[in-house]
Amino acid sequence: MEIVITETPEIAAILAADIFEHALAAVEAPVLGLATGSTPLATYRELIRRHVECGLSFVNARAFLLDEYVGLPRDHPEAYRRFIAREFTDHIDLPATGLHSPDGAADAITRAANDYEREIVDAGGVDVQILGIGSDGHIGFNEPSSSLGSRTRLTTLTSRTRIDNARFFDDDLDQVPRHSLTQGIGTILEARHIVLLAFGESKARPLAHAVEGPITAMVPASALQLHPHVTVLVDEAAATKLSNADYYRETFEHKPHWQTF
Ligand code: PGA
């Protein structure tokens, strides 16, 4: 795991955008793994800026969303497919057919989950997956106690997650769905490069547990310790509970110039 502590979330977003840009240049038909929530928004804004101002192109790319609410109509503004289109993919040249997301409105949810797994495999797997972390340590909507080998499936959101997400639903908890269709932890771990972003004080505890604690189903993000290529980009506020922070700073300061992310 490479852990980089940046002064601000904006600097972390620039580094995350660099990683995406590198994948777009290095891979013929790049497959991008996208996340929703507030954390990746600055990265998406930076990628949109590079598209508009510098011609960064996504025309050969495909994108796969991590998760989707179950129980919202497909055209609900907070459905994650709508969210990612509004915040990111509508503003770049990703082909309309290139955006994939789990179908949380499907009648046959288990079949939709299996179909999504197959779509990812058929695309050749995810090259770069961006991730946030929940205040309860979740990745995607894999809540504490999720199997570390889990695949795309229906999950039940914790009350912590529903409270955290109520801000997207007029602060009305009753409007927040109880279920999701999410890539499993085992699915996420198959991405070739994972970029975990964490900003702000509320992420300090789950981040420290994920990065420095034991690998446990009670902290789904701790499963990332098993992955050979993870970049963790955090701001100072989210880094406050990392016991090894000095070492991470020293490592980044002395990173060999030839070594990329
Ligand atoms: P946030 O959510 O980016 O809105 O904090 C992160 C997550 O739940 O994975």
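Biologist: Which helix gives the most to the lining of the largest pocket?

Modeller: Helix 5, with three residues. This is a predicted model: local features need pLDDT of at least 70, side-chain atom pairs count only at pLDDT 80 or more, and totals for chains, interfaces and linings use all residues. Residues are numbered from 1 along each chain as its sequence is written, and side-chain values use heavy atoms, leaving out hydrogens and water.

Biologist: What volume does the largest pocket have?

Modeller: About 510 Å³. Its lining counts 26 residues, and Gly 37, Ser 38, Thr 39, Ile 133 and Lys 203 are the closest to its centre. Helix 2 (41-54) and helix 5 (159-165) each give two or more residues.

Biologist: Where does the ligand sit?

Modeller: In the largest pocket. "Sits" means that more than half of its atoms lie within 2 Å of the pocket's grid points.

Biologist: Why is the pair between Thr 39 and the ligand called a polar contact?

Modeller: The limit is 3.5 Å between N or O atoms. A side-chain N or O atom of Thr 39 is 2.4 Å from a ligand oxygen, so the pair qualifies. His 138 has a polar side-chain atom 2.6 Å from a ligand oxygen. Lys 203 also has a side-chain N or O atom at 2.6 Å from one. The protein covers 83% of the 280 Å² of accessible area that the ligand has on its own (Shrake-Rupley, 1.4 Å probe).

Biologist: What makes Gly 37 part of the polar group around the ligand?

Modeller: Gly 37 is among the residues surrounding the ligand. Gly counts as polar by definition, so Gly 37 does too. The shell has one nonpolar, six polar and two charged residues.

Conventions: Near = heavy atom within 4 Å. Polar contact = N/O pair within 3.5 Å; in protein donor to acceptor, adjacent residues only side chain to side chain. 1 Å grid on protein atoms, 1.4 Å probe; cavity = no way out; pocket = protein on both sides within 12 Å on 5 of 7 lines; lining within 4 Å. Points joined across faces, edges and corners; volume = space filled by probe spheres on them. Helix = DSSP H or I, 4+ residues; strand = E, 2+ residues; numbered from the N terminus.
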